[in-house]
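Subject: Handing over the structure, with notes on what was found

Dear colleague,

Here is the structure that I promised to pass on to you. Please open it beside this message, and follow the notes below at your own pace.

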Amino acid sequence: MMDGPLQGLLVLDLTRVLVGPYCTMVLSDLGARVIKVEAPEVGDDSRKFGPFVEDQSAYFMSLNRGKESIALNLKNEDDKKIFERILDKADILVENFKPGTLERWGYGWNDLKDKYPKLIYASASGFGQTGPMKGLPAYDMVVQGMGGLMSVTGQPDSEPTRVGTSIGDITAGLFTAIGINAALYDRQKTGRGMQIDVSMLDCQIAILENAIARYLSKGEIPKPMGSRHPSIAPFEAFKTKNSYIIIAAGNDKLFEGMCLTLGCDCYKLDRFKDNQSRTNNMDELKKIIEVKLLHKTTEEWVALFTEKKIPCGPINNIKEAVDNPQIQFRNMIVSANHNKIGNFKMAGNPIKMSPYKDETTRGEIPNLDQHRDKILKEFK
């Protein structure tokens, strides 16, 4: 277990694939003990997802480091007794089954809330525990599409484009972890647990920021704009001599500094005098900027803009992003041990807390049912 502010808390993890395991991974990184309950023989679905290192799923390993695994069939009476002994000591239960599944097994919120009054019961699902769509299944791309995110992603007039990571699952996992931490604070005051209901679709609406503000305030339906920001200019990717550079000159002072670094006087022109003017004339401004940028490489421009404190950066591939000295310095690539393949590298924890050391390792990656004997001995 990691050293962290949640140390001493027991999480009973009934999750699989991504949204739930991402949430419980965050809790584990913050110090909680996580016991992962998996289906006998098959385990978490993601154990079958590639890419594979030997015959082990890198997808599964990256999300389930530092957890303990026990296989239980919650329809089997003997396994239910084991589950309930663990549940009796648990602080938090996290699940991402389709709504109604745990109720059929006798472990819904209403089944447990009186028997375990301090239990924090967190459910993450596609559409939530209420509403006309509550019983429907969902995957990440379904909610990216339904939640409007794909309608503002990609180039103008392009085919529908999925965001390049599973942001539908990940945002729901993060919001669930936030809810759990708030519920722990509430429990300190009231002595009681609560149910937390997080919908993947709700989370997509919650992160639409500028797009939803534009529609609700102006009635405008935003469309894909490539890398361009709809309300700030210049704020996008520009061509250089050899590739692209991101420039985010988000206020008048930064715009003037950018112009001076480029060797142009655009900041003196009325049509570029403030952010709104620049946004209204962005196509013209982009052409002017790119004429200047084409004389040097991305690396040369990054060095010049960085010296002048103009926000900028290259568009890195994953190797370049991971190898960035800043990422390495911040311990954002860590390892966990698997008893078959040894050390496995993965993304670290972006939450740095002054009293706790941010370790370079994340404990063990569990085989299916690996900790059964240990858990049975402890929870007699």
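Glutamate 284 has its place in helix α12, which covers residues 282-293, and in this model, which is predicted, the residue is partly exposed, with a relative accessible area of 30%. If residues up to four places away in sequence are not counted, glutamate 284 touches Arg271 and Phe272, and with arginine 271 there is a polar contact from side chain to side chain, at 2.8 Å. Lysine 218, by contrast, is 66 residues apart from glutamate 284 in sequence and 25 Å apart in space, taken from C-alpha to C-alpha.

Next come the sheets. Strands of a sheet pair through backbone hydrogen bonds, and the pairing may be either parallel or antiparallel. One open sheet in this model has six strands, which follow the order β5-β2-β1-β6-β7-β8 with parallel pairing. At its edges stand β5 (68-71) and β8, and because each has a single partner strand, one side of each is left without a neighbour in the sheet. On average, and with direction ignored, neighbouring strands of this sheet are turned by 20 degrees against each other.

Within this sheet, β6 and β7 pair in the parallel sense over four bridges, and the bridge partner of glutamate 95 is serine 123, which lies in β7. Two helices can be described together with these strands. Helix α3, residues 77-89, lies across β1 (10-14), β2 (33-38), β5 and β6, and runs at about 145 degrees to β1. Helix α7 packs on the sheet as well, where it touches β6, β7 and β8, and its direction makes about 160 degrees with that of β8.

Which residues touch the most other members of the largest nonpolar core? They are Leu27, Val94 and Ile180, in a core that has 28 residues. The elements that each supply at least two residues of this core are α1 (19-29), β6 (92-95), β7 (120-125), α7 (167-190), β8 (194-199) and α8 (200-206), and the largest share, five residues, comes from α7. Apart from this core lies another one, of 25 residues, which includes Ile70, Leu93, Phe97 and Leu119. To see the surroundings of one core member, you could select valine 94: leaving aside its neighbours within four places in sequence, valine 94 is in contact with Val11, Leu12, Asp13, Leu14, Thr15, Cys23, Thr24, Leu27, Ala122 and Ile180.

Helix α1 deserves a separate look. Of its 11 residues, 10 are buried, so α1 is largely enclosed by the rest of the structure. The buried residues of α1 are Val19, Gly20, Pro21, Cys23, Thr24, Met25, Val26, Leu27, Ser28 and Asp29. After α1 comes glycine 31, whose phi is positive, near 110 degrees.

How many disulfides does the structure hold? It holds zero. A disulfide is a covalent bond between the sulfur atoms of two cysteines, and two cysteines may serve as examples here. Cysteine 23 is in no disulfide, and the nearest cysteine sulfur, that of cysteine 203, is 11 Å away; cysteine 23 is also buried, with a relative accessible area of 1%. Cysteine 259 is in no disulfide either, with the nearest cysteine sulfur, that of cysteine 264, 3.9 Å away. For a disulfide the two sulfur atoms have to be within 2.5 Å, and cysteine 259, at 0% relative accessibility, counts as buried.

Two further pieces of strand pairing remain. Three strands form an open sheet in the order β13-β12-β14, and here the pairing is mixed. The edge strands are β13 (342-347) and β14 (361-364), each of which pairs on one side only, and neighbouring strands of this sheet are turned by 25 degrees against each other on average, with direction ignored. Strand β12, residues 333-338, pairs with β14 in the parallel sense over two bridges, and asparagine 337 stands opposite glutamate 364 in β14.

Strand β9 (residues 235-239) and strand β10 (residues 244-248), finally, pair in the antiparallel sense over five bridges. A hairpin joins β9 to β10 through four residues, and the bridge partner of glutamate 236 is isoleucine 247 in β10.

With best wishes

Note on methods
Residues numbered from 1 in each chain as written. Predicted model: local features only at pLDDT ≥ 70, side-chain atom pairs only at ≥ 80, totals over all residues. Heavy atoms only, no water. Core = buried A, V, L, I, M, F, W, Y, C linked by side-chain atoms within 4.5 Å. Buried < 20%, exposed > 50% of the residue type's maximum accessible area, 1.4 Å probe, protein only. Contact = heavy atoms within 4.5 Å. Pairing = 2+ DSSP bridges. Axes fitted to C-alpha atoms, helices over the stretch in contact; angles between N-to-C directions. Polar contact = N/O pair within 3.5 Å; in protein donor to acceptor, adjacent residues only side chain to side chain.
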